[in-house]
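Student: I have a model open and want to learn how to read it. Where do we start?
Tutor: With one pair of helices, then the interior.

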Amino acid sequence: MADSGSASSRRMWCSFPERLQLHVAMLALQFGYAGFHVVSRAALNMGVSKLVFPVYRNIIALLLLLPFAYFLEKSERPAITLNLLLQFFLLALVGITANQGFYLLGLDNTTPTFASAIQNSVPAITFLMAAILRIEQVRLNRKDGVAKVAGTLFCVAGATVITLYKGPTIYSPIPPLNSNNITAQVFGSISSSSSSSLGDAKEKNWTLGCLYLIGHCLSWSGWLVLQAPVLKKYPARLSVTSYTCFFGLIQFLVIALIVERDAQAWIFHSGGEVFTILYAGVVASGIAFAVQIWCIDRGGPVFVAVYQPVQTLAVAIMASFALGEEFYLGGIIGAALIVVGLYLVLWGKNEEKKFAKEQLAIASAPEHSSVSVRSSSHAKGSLTQPLLPSSTENV
């Protein structure tokens, strides 16, 4: 009966048009990531160590990734060399240790909504890094080049506003949520002595938290740029991710053993703490990775990226109900600027790809053989490495 029900569910899912499947999968993915922002903040409020949390998260993620990397990429994995191991170590340092560390420090001083909002700037920051390293061509004499530069400036302006201007509260849950009782029902263990809203960061250093989050975005973008040349030498994405996750786990473990002297920090004190760590490892790393790879393969990186602002909206709704989070004017203005910048960069990338395809089509046409060399060299200017690679996951 169970098998027949499962087969029936698969047939029903496959009967939907692929485009609809992609939209449903992307919505589910954004809500999964949104839950990760809220769950991570809840974990910090429960007292989970900012060093122990990523250690356990990466252990779970590695256990999920290893079997798929081993069996699915047997024929694709080149031989491992010391040089490759050093590059994996560097990827882990930037993409996992710095990325996740800055994220948790920033989240501890701000709110899930603004952490998600600032993440919308990652494509623009990645473009800027790629342009500086000359991986990305910038042509200001074409509309796509102007759009990418303008989008980057909008994202920088948005992140600056969020960092320097908190502004007045423009929305506060009314009546005030009894966040202790609500969160306790969800996570099972919140101290009843705390009377402040779990989503509130009034007693934290807002500016420092935003700076940490900018460091998180810079690390994430750096990881996206750095992994492009690594994947050229080692074209097995799951294996690269597994190696990166392994070295990130080792790095976090060493740091945690040195800095975290409290042995109690390594022990789970409630079901809520276990849930937050399992959610981070299974949903935000394992399931999200698989879903995103499938969506990028079927819909392309631009299709996946345009759904990023949905995550910010979902986080705002979840955090308001679950954590009693307030919305501030500076954050709303900054988030709007970042979203505008994101779409400008993505639109510019899309136009650049269209232009490159047109030029290649002209170059390959028989009647244009006399200008094929010139057209090919002109079209070569488009990105050889995508702005958003096959995974933009919060590894």
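Student: At what angle do the axes of helix α5 and helix α13 cross?
Tutor: Note that this is a predicted model. The axes of α5 (residues 112–119) and α13 (residues 308–323) cross at roughly 175°. They come within 8 Å. An angle over 145 degrees counts as roughly antiparallel. α5 and α13 are therefore roughly antiparallel to each other.

Student: Which residues of α5 and α13 meet?
Tutor: From α5, look at Pro-112, Thr-113, Ser-116, Ala-117 and Gln-119. They meet Gln-308, Gln-311, Thr-312, Val-315, Ala-316, Ala-319 and Leu-323 in α13. Sort this contact by class: six residues are nonpolar, six are polar and none is charged.

Student: Now the interior. Which residues touch the most other members of the largest nonpolar core?
Tutor: A nonpolar core joins buried residues through side-chain atoms within 4.5 Å. Here the largest has 47 residues, and Phe-53, Phe-88 and Tyr-103 touch the most other members. Helix α9 (residues 206–233) gives the largest share, nine residues.

Student: What is Phe-88 in contact with, beyond its neighbours within four places in sequence?
Tutor: Its contacts are Ile-80, Val-230, Tyr-234, Val-240, Tyr-243, Thr-244 and Phe-247. There is also a second, separate core of 11 residues, including Met-26, Leu-29, Ala-288 and Ile-296.

Student: How many helices and strands does the whole protein have?
Tutor: Count 15 helices and two strands. Of its 395 residues, 50% count as buried. Among contacts with a separation of 6 or more, 88% come from residues 24 or more positions apart.

Note on methods:
Residues are numbered from 1 along each chain as its sequence is written. This is a predicted model: local features need pLDDT of at least 70, side-chain atom pairs count only at pLDDT 80 or more; totals for chains, interfaces and linings use all residues. Side-chain values use heavy atoms; hydrogens and water are left out. Helices (H or I, at least four residues) and strands (E, at least two) are DSSP runs, numbered from the N terminus. Buried means under 20% relative accessible area, exposed over 50%, partly exposed in between (1.4 Å probe, protein chains only). Contact means heavy atoms within 4.5 Å. Axes are lines fitted to C-alpha atoms, for helices over the stretch in contact, and angles run from 0 to 180 degrees between N-to-C directions. Angles under 35 degrees count as roughly parallel, over 145 as roughly antiparallel, 65 to 115 as roughly perpendicular and the rest as oblique. Ala, Val, Leu, Ile, Met, Phe, Trp, Tyr, Cys and Pro count as nonpolar, Asp, Glu, Lys and Arg as charged, and the others, Gly among them, as polar.
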